[in-house]
Amino acid sequence: MSGNVRLLDDTLAAAKAEGRSALIAYLPAGFPTVDGGIEAVKAALEGGADVVEVGLPHSDPVLDGPVIQTADDIALRGGVRIADVMRTVREAHEATGKPILVMTYWNPIDRYGVERFTAELAEAGGAGCILPDLPVQESALWREHAEKHGLATVFVVAPSSKDARLAEITAAGSGFVYAASLMGVTGTRESVSSQAEDLVRRTRATTDIPVCVGLGVSSPAQAAEVARFADGVIVGSAFVKRMLDAPDAAAGVEAVRALAGELVEGVRGQV
């Protein structure tokens, strides 16, 4: 069975045709529970997100700040497994018809088996994977299986990436490029890094695939700011924080839905 890389491509192209950035939400699987996480992902999509990245909780999430680390810890203590991540992808995609990616560090895939992971993600209707710690020069095996199963391979670029390195990364990737707006970990911030626009410009000089910006975007105003120059706006910690701050799981799901609606207005320039 083939994955949904084409759906991801078409979704990002449709947003561009509408003259706006896409809204990409991030939520970890298994948080606060597996069922609760599935409802949250569906709520983000129903609230207006174009794409969702489902995080595979990890015990040492080097790119993630304290908010997402807290959620990951809750999910891991709840016993979340890769099968639960696949179920989250499947049920969210079936309910909404929208593209769902998995964001994961390399070690869980390596231990699980690349062929098994890509086959199961495709079968679940997944659109691809974001792999923040997989070096491009070590990615041939992953890319071979991802391509075979119709999955996007999204690499992360950073302000420190030199132009030659950007070209190497974008040549190997598909779906979109994840441009980290700053050096550091995920989390909400008062302002979006001024480095982000320059990174998008330099990345676009090397590729035709969309460039989406994440790390630090948490408000509609910040989403609008990034939407001026990026093909997609990625928001994670703000969604997770809304759930952590909610009095119960049901209120958390509704908070996610509401934030997605607010951020949609941002990416459409309506704030």
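Okay, let's start with the pockets: the largest one comes out at a volume of about 320 Å³. Thirteen is the number to remember for its lining, and of those 13 residues, Leu56, Pro57, Ile82, Pro108 and Arg111 sit closest to the centre. Keep in mind that we're looking at a predicted model here.

So who builds that lining? Helix H4, residues 82-96, and helix H5, residues 106-112, each put in at least two residues. H5 gives the most, with four. If you care about chemistry, the lining of this largest pocket splits into eight nonpolar, three polar and two charged residues.

Now, the second largest pocket. Its volume is about 150 Å³. Lining it you'll find Leu12, Ala13 and Lys16, then Arg204, Thr207, Asp208, Ile209, Pro210 and Val211, and finally Asp231. Helix H1, residues 5-17, has the largest share of that lining, with three residues. By class, we get five nonpolar, one polar and four charged.

Okay, on to the sheet. What order do the strands come in? It's an open sheet of nine, running S5-S4-S3-S2-S1-S9-S8-S7-S6, with parallel pairing. At the edges are S5, 152-154, and S6, 156-157, and each of those pairs on one side only.

Let me zoom in on the S5 edge. Its partner S4, residues 128-130, pairs with S5 in the parallel sense over three bridges. If you want a spot to click on, isoleucine 130 stands opposite valine 154 in S5.

Last thing, a helix on the sheet. Helix H11, residues 237-245, lies across strands S1 (22-28) and S9 (232-235), and runs at about 50° to S1.

Technical notes: Residues are numbered from 1 along each chain as its sequence is written. This is a predicted model: local features need pLDDT of at least 70, side-chain atom pairs count only at pLDDT 80 or more; totals for chains, interfaces and linings use all residues. Side-chain values use heavy atoms; hydrogens and water are left out. Two strands pair if DSSP finds at least two bridges between them. Contact means heavy atoms within 4.5 Å. Axes are lines fitted to C-alpha atoms, for helices over the stretch in contact, and angles run from 0 to 180 degrees between N-to-C directions. On a 1 Å grid over the protein atoms alone, a cavity is a set of points where a 1.4 Å probe fits but cannot get out, and a pocket is an open set with protein on both sides within 12 Å along at least five of seven lines; lining residues have an atom within 4 Å of a point. Grid points are joined across faces, edges and corners, and a volume is the space filled by probe spheres set on the points. Ala, Val, Leu, Ile, Met, Phe, Trp, Tyr, Cys and Pro count as nonpolar, Asp, Glu, Lys and Arg as charged, and the others, Gly among them, as polar.
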